Amino acid sequence: MTSQGKRGLTLPSFQTVTRDFTASIVVFLVAMPLCMGIAIASGVPPEKGLITGIIGGLVVGALAGSPLQVSGPAAGLAVVVFELVRDHGLSALGPILVLAGLIQFVAGVARLGGWFRAISPAVVHGMLAGIGVLIVAGQFHVLFDAKPLPSGAQNLAAMPGRLLGLQPGNAQAAELAFAVGLVTIAAMLGWEKLRPASLKLVPGALIGVLAGTFVALGFGLQVAHVAVPESITAALALPDATLFARWLDPAVITAAIAIAFIASAETLLSAAAVDRMHDGVRTNYNKELRAQGIGNLLCGFAGALPMTGVIVRSSANVQAGATSRLSTILHGAWILGFVALLPWLLREIPMAALGAILVVTGVRLVSIAHARHLFTHYGVLPALIWAATLVTVVAADLLTGVLVGIGLSLLELVPHLRGLKLNVAERQENGAHEIDLAGAATFVSLPKLSDTLDRAPQGSTVRLDLSRLRTVDHTCAELLKEWFQRRRAAGDLIEVTGASGRMVAFAH
C-alpha cells in the first residue's frame, strides 16, 4: 500500500493515489448539485453552498478525525438556516456560524465528542425524518419555479393547490418548470435502478441534473436558472464590525448553540456510519469535532452555509474506493476549480432540476424502515420517540423536536433510576482480551461503553461477558450490535456469554 521515502517517511503508493484520485472525482460529481441545491433550500444563493463544500474538502478534509468522511452543506441544517435568514437576515448567518464553530472546537478540546453519540438513534432518525418532510414540502414549490413559503405547515398546506393549479393545455412557466423537475426525478431514479455495473459510480443526482438541463436547453424552455457570480471571490461576505455585537443578542446565541449541537450530532453519527463501511482507520471523534469547529468558523467568516459530515457524500467516497483523506481534499479542489473556471456552465442548470434532487433527498431521509426496526426490536417507546421527534420538528422547529425526543428518551431511565451505573472490568487472560459488563447499559453510560469496546485490540480474541447486565437500552444495544458486526467482519473472534433478550440475536 505504501512505499518508503527519504528519511523514513511513508509515502502513498501509486495505486493508493490513483484510487483516491478516482474517488475524489466521484464525490465531486455527487457534491456539486447537492451543495447548490441545499443552499437554495436554505434560502441563500447557491454559491454559498459551494464555498462550504470547498472549505469542507480543503480544510476539514485535511484536519478531520474521520479520514474518509466528506464534509459540506447538509440537508439537515437547511431548515434551520432558512428560518434564521428569514427571521434575522443573511448578515446574521456569519456571526452565528463563527460562534457555533467556536462552540464545536471547544467541545472537541474538552473531549465531549463521545457524548454526542449518546443521543438516541430514535431521536436522530426522527429529526432527519422531520427534516426530510420539511425539505420535500419546501422544494416541492421550487419544482414550479415558486419560492417556498415561510413555514413547513404552510408549505404542506399549499402543495395540493400547486398541483391543481397546473394547466397542461396551456404550458406556462410553472408547467414547464414542473416538467423539467419530473424529467430530473425520472432520470435520477431510472439511472440508479438500471445503470450498468461498469458505470455504478456515476451518481444518479448528476444524471438527473444533466437530463433536466438538456431538456430545458434543447427545447428552449423559459424557466428559472441558477444564478452564480462571475467570480467566487464575489460570493465571499466577510463579517463587519458588528460581529461581536451580534453575540449580545440572545436569539443569535440560541441559534449558534442549536447549529453547533445539531451539526455535531449529525457529523459524529455519520462518522460512526462511515466506520461501519470500511476496515481502515477508526474515527477520532474529538479530533473530528475540532475540525468541524474550524470549518464552521471559516464558513462564518466567509459568509457561507454551515457544514457537517455528510453520509451521502461519505458513502460515495468509500464505495468509490477511497483509502485516505486525499480523496476528500481533492474533491474540494475540484469544486474550487469548477466554480472558478466554469461558472457559466452552472448558470445553465434549471432551478427546478435542483429542487427535484432535493425532493428525492428529502424523501429518502424519512426512513419508515428505521421506525419499524425500532418497534420490532425495542418496543413501543423508541418508535414513539421517533414519531414524536418527527412531528414536533415539522409542527414547531428543529431544536424543539430534538429536545422533545431527548426528553422522551429520559423515560427509558425511569425504571432504573436506582442503578444507572455501568461497571466495566477488563483483563488479558489466555491470549484473549476479556471484558465484563455489569449494571445498566443506558445512553448515559454510552461513552464509557464505547471507549471500552474500542480499547479491545484488533486481530485478537475478545470475550464479552454480559451475564451481569441488568438492562440494555436501545441506544447501547445498537452500539453493541454495530461493534459485533464490525469486529466479526474484520475476522476477529468474538465470544459472548450471558447474552439475553434483545442481545441474543446480535451476539450469535
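Reply: Buried means under 20% relative accessible area, exposed means over 50%, and partly exposed lies in between, with a 1.4 Å probe and protein chains only as cover. This is a predicted model, so local features need pLDDT of at least 70 and side-chain atom pairs count only at pLDDT 80 or more, while totals for chains, interfaces and linings use all residues. Residues are numbered from 1 along each chain as its sequence is written, and side-chain values use heavy atoms, with hydrogens and water left out.

Me: Thanks! Let's try that on a residue: is R111 buried or exposed?

Reply: R111 counts as exposed because its relative accessibility is 61%. R111 sits in the loop between α4 (93-109) and α5 (113-116). Helices here are DSSP runs of H or I with at least four residues, and strands are runs of E with at least two, numbered from the N terminus. The phi of R111 is near 60°, a positive value in a residue other than glycine.

Me: Which other loop residue has a positive phi near 60°?

Reply: D145 has one, and D145 is not a glycine either. Its loop runs between α6 (121-142) and α7 (152-164). D145 is partly exposed because its relative accessible area is 26%.

Me: And what does a buried loop residue look like, say L305?

Reply: L305 counts as buried because its relative accessibility is 2%, although L305 lies in the loop between α12 (285-302) and β4 (308-309). Contact means heavy atoms within 4.5 Å. Not counting residues up to four places away in sequence, L305 touches a list of residues including I38, V44, P73, L97 and C299. From C-alpha to C-alpha, L305 is 25 Å from R111, and the two are 194 residues apart in sequence.

Me: Where is T267, and what does it touch?

Reply: T267 is part of helix α11 (residues 250-275), and it counts as buried because its relative accessibility is 2%. Leaving aside neighbours within four places in sequence, its contacts are Q69, E288, Q292, T308 and G309.

Me: How many bridges join β5 to β6?

Reply: First the rule: two strands pair if DSSP finds at least two bridges between them. Strand β5 (residues 422-429) and strand β6 (residues 432-441) run antiparallel and are joined by eight bridges. R427 has E434 in β6 as its bridge partner. Two residues lie between the strands of this hairpin, and N430 takes a positive phi near 55° there.

Me: In which sense do β7 and β8 pair?

Reply: Strand β7 (residues 461-472) pairs with β8 in the parallel sense, over four bridges. V462 has I494 in β8 as its bridge partner.

Me: Which residues form the covered face of β8?

Reply: In a regular strand the side chains alternate between the two faces of the sheet. In strand β8 (residues 494-497), I494 and V496 form the covered face, while E495 and T497 form the uncovered one.

Me: Stepping back, how many helices and strands are there in the chain?

Reply: The protein chain has 22 helices and eight strands. Its radius of gyration is 23 Å, close to the 23 Å that the globule rule gives for 508 residues, so the chain is as compact as a globular protein of that length. That radius is taken over C-alpha atoms, and the rule is 2.2 Å times the number of residues to the power 0.38. Buried residues make up 54% of the 508 residues. Of the contacts between residues at least 6 apart in sequence, 77% join residues at least 24 apart.
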